[in-house]
2 protein chains.
Amino acid sequence: MAKGASISGFPEWLPSERVVEQRVIDTLRKVFELNGFIGIETRAVETGASLLKKGETSKEIYLLSRLQEVGHESDTPIEERLGLHFDLTVPLSRYVVEHSGALAFPFKRWQIQKVWRGERPQEGRFREFVQADIDVIGAGDLPDHYEVELPLVMVSALEELHAFGLPKATVHANNRKLSEGFYRGLGLTDIEGVLREIDKLDKIGADEVARLLTESCGATEAQARACLELAELTAADGKELAEKFDALCAAHGIAQDSEAYALARQGLDTLAMIVDEAAVIRPGSVIADLKIARGLDYYTGSVYETFLDGATSLGSICSGGRYDNLASQGNRKYPGVGLSIGLSRLVSYMLHTAGAHANRVSPAAVLVAVWNEEDRPAANRIAAQLRARGIATDVAPTAAKLGKQIKYADKLGIPYVWFPASAADSENGESAGDEVKNIVTGEQVAADCTSWEPDTVVAQQTVEI
Amino acid sequence: MAKGASISGFPEWLPSERVVEQRVIDTLRKVFELNGFIGIETRAVETGASLLKKGETSKEIYLLSRLQEVGHESDTPIEERLGLHFDLTVPLSRYVVEHSGALAFPFKRWQIQKVWRGERPQEGRFREFVQADIDVIGAGDLPDHYEVELPLVMVSALEELHAFGLPKATVHANNRKLSEGFYRGLGLTDIEGVLREIDKLDKIGADEVARLLTESCGATEAQARACLELAELTAADGKELAEKFDALCAAHGIAQDSEAYALARQGLDTLAMIVDEAAVIRPGSVIADLKIARGLDYYTGSVYETFLDGATSLGSICSGGRYDNLASQGNRKYPGVGLSIGLSRLVSYMLHTAGAHANRVSPAAVLVAVWNEEDRPAANRIAAQLRARGIATDVAPTAAKLGKQIKYADKLGIPYVWFPASAADSENGESAGDEVKNIVTGEQVAADCTSWEPDTVVAQQTVEI
């Protein structure tokens, strides 16, 4: 990250770092489009009412006010004020309802945009960052095969980022219905509370979670232990998952003909399907992990978190789930499922841990030297010829000493310096041809700007690890 | 623009419109990089102090406040609050100073990002829009050849947009030193006031401007007329420009040995150079237009506005200039020159006036049909094969009747529908091969997903006019 960035939580990349971020974005877009996702961009603002749906005021939102309104902000109720979006899912839901007549459903979309969280400044938390999302939204209903396909698209996208130093990613899936059914079967009622505490398991450990469950969620010691047993249940496949789950229900007296079990079973079947299908298509890419809870309140079924091998301290780098009730219009619901990559954090990891770096700062492959300012038009003509043939070209900023011009190219990582035939030479009847030098290898050859081709590898601006 | 967008001034494109915007952005980026500009992205926020430099509070700025701070916004002085950037030039200047040690100068950068203006809602004014900027910033000094090269890069970028229905663009250039020197030579002192009124010439006409100059800027009738004469001066080349300017100075008693004339002459020489150089490289692309003033106060030399043939009502679509005093660090100045395309308005013109449209909504070239849900894995395998070979592919959302699946492809504009060999067919010993149908031409052929290639033209998602 750029040193000395003056506002905490608003990361900004140096040009060479931005090359990496830009390539990551390009790569994700390519994968998303290859899979038939449609790109959209939503406005950065939503109404307070939309951002605060369900009345949660604990959300971390930036509200806007016009400079002219300073001191009178409170004249407008928060619901009517504008705020910056904190994710891309809430805007998508609003967009889909607003433009439903113009969309084909199921609507598969990708979206890579900045989001903002109005947090208190604190170490390591971004208040502005880029998210890269894919979602599918149905009109009325949404087939559950998307609940396995979307995580797999993300896995294939993350695999493309191995070239940028990203380790193997594994999606951990759970299902809220499974958890909720089980908790209800135990006799618990504060489902959101239990999910919230279980979410802390990796951070604070089982004993502490058990204590919180009993203290804050009205659980008995036994109920708390049962919740932890569920969270720690692991299985190699859907069949084992179902068997172990049924055994757990039996052990805790949850009858198979109860409503609670029926709800849990619905979630279990979806989760089993996801794990089994993923194992066939891409073994080891998606596993069941029954402690995954997700902070956001709009998920209603599958939930996902994604971890990188050897980088668990990074936390989940790609999360999401199924949300059946986020968008609706009259009686019609628009259920969706999607995942979101926290791109800025991922790029930060690539740059600072994986060592990803651009082979050069400038997109230019060639710098045309300028012998003196009177020759600049000739240098510009050479540059125009090269550009017309798709070769990115810069021209020396001043007719400085050649060493200084080469140093400028070197600082920008431009591999070739072009020497136009000097007017003086041609008047003297000496060699009047242009030459081009690879300043890395030192090789210098005669060259014609209408036909010369750079080495295809050297010419490319790329990311290396 | 998407119908029914619920917040005035925050445009949002439908997916098919977004295809056009995305292609425009891709095209501009390509041209900018071909010319050696380095891409950066700055954070969306700056401090109030940075946004309000020079103490102007008439600026249209959105300030931020955290949800938790509502009611206490005024506890923080505006200078310390965060606000959304209203252009990309102020952030660039701040970025350059902040990271000067890590940059090579002159620093050529491109930047395509959203900006926000906290205006009162009104018809046709965007409060959120995309700008596409190029700038060059020097450390200490900046050669003036960039003052002709940058508008020419913009002209070549806009030429690439002819394919999207954009008419020919002409850059109108002026120079603030020229205007200021002339006004001072006349004895006027409220230079910014005069520039502000002259800027209205096209809108309100010469008589009204003359009235405003006398009423608000302390000009006599004769001074006002002289200002208008300067604004209306036209010339075919730099030589004629200089001759006509000198004649005007003589007519109004501005002595050639005066300080005011020296200042004007400096601006005139730069403007003459720009016009003459541009005429050689790209005739008719950049002309002198002495009524161009520019609203922003940070320009100190060349100023540019760009108009489209036959679309003058659109106003300037690409504006900018040279700014010598925007960024500094101690004694060191970072003079810059740059231009900014108002991209959202341009895309709006392309969509609604020029008729630019995507040939299809979905990036997918192929939709794989699904005979029944049990066959979905086979359809997914075919899709994976095609994608691995770079062919963007979608899979039918449900195993609906074939007509419905084709209708889905049609609605998204996907040209090919792939029919996997039916399991039933192969059990019956009948034809077991896949087939693919071009649903536009109706042509249907046997195809193998490991080797089939779509028609290269049909396969591409493009923008047509």
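How many salt bridges are counted between chain B and chain A? The count is 12, and they belong to a predicted model. Chain B and chain A bury about 7,500 Å² between them, while the two domains of chain A bury about 530 Å² between them. Here is a quick tour of both interfaces, plus the strands worth finding on screen.

**Where chain A meets chain B**

- The contact draws on 93 residues from chain A and 93 residues from chain B.
- Of the roughly 7,500 Å² buried here, 56% lies on carbon and sulfur atoms.
- For one salt bridge to look up, try A:Arg94 with B:Glu12, whose side chains meet at 2.8 Å, N to O.
- Polar contacts across this interface come to 41 residue pairs, both residues being at pLDDT 80 or more.
- On the side of chain B that touches chain A, helix α1 (residues 15-34) of chain B gives the most, with seven residues.
- That side of chain B is made up of 43 nonpolar, 23 polar and 27 charged residues.

**A strand pair across the two chains**

- Strand β3 (residues 62-66) of chain A runs antiparallel to strand β3 (residues 62-66) of chain B, and five bridges join them.
- Within this pair, A:Leu64 has B:Leu64 as its bridge partner.
- As background, strands of a sheet pair through backbone hydrogen bonds, either parallel or antiparallel.

**The two domains of chain A**

- Chain A is assigned domain 1 (15-357) and domain 2 (366-464), with 51 Å between their centres, taken over C-alpha atoms.
- Seven residues of domain 1 are in contact with four residues of domain 2.
- Carbon and sulfur atoms carry 50% of the area buried between these domains.
- A:Val19, A:Arg23 and A:His357 supply 75% of the area that domain 1 buries against domain 2, more than any other three residues.
- Zero salt bridges are found across this domain interface, but two residue pairs are in polar contact, both at pLDDT 80 or more.
- Helix α1 (residues 15-34) of chain A gives the most to the side of domain 1 that touches domain 2, with three residues.
- By class, that side of domain 1 has four nonpolar, two polar and one charged residues.

**An eight-stranded sheet in chain A**

- Eight strands form an open sheet with mixed pairing, in the order β1-β5-β6-β13-β10-β9-β7-β8.
- Its edge strands are β1 (38-39) and β8 (286-288), each pairing on one side only.
- Strands β9 (residues 302-308) and β10 (residues 318-323) of chain A run antiparallel and are joined by two bridges.
- To locate that pairing, start at A:Val303, whose bridge partner in β10 is A:Gly321.

Note on methods. Residues numbered from 1 in each chain as written. Chains lettered and ligands numbered in written order. Predicted model: local features only at pLDDT ≥ 70, side-chain atom pairs only at ≥ 80, totals over all residues. Heavy atoms only, no water. Domains from an automatic or database assignment. Contact = heavy atoms within 4.5 Å. Buried area = accessible area lost by both parts, 1.4 Å probe. Salt bridge = Lys/Arg side-chain N within 4 Å of Asp/Glu carboxyl O. Polar contact = N/O pair within 3.5 Å; in protein donor to acceptor, adjacent residues only side chain to side chain. Helix = DSSP H or I, 4+ residues; strand = E, 2+ residues; numbered from the N terminus. Nonpolar A, V, L, I, M, F, W, Y, C, P; charged D, E, K, R; others polar. Pairing = 2+ DSSP bridges.
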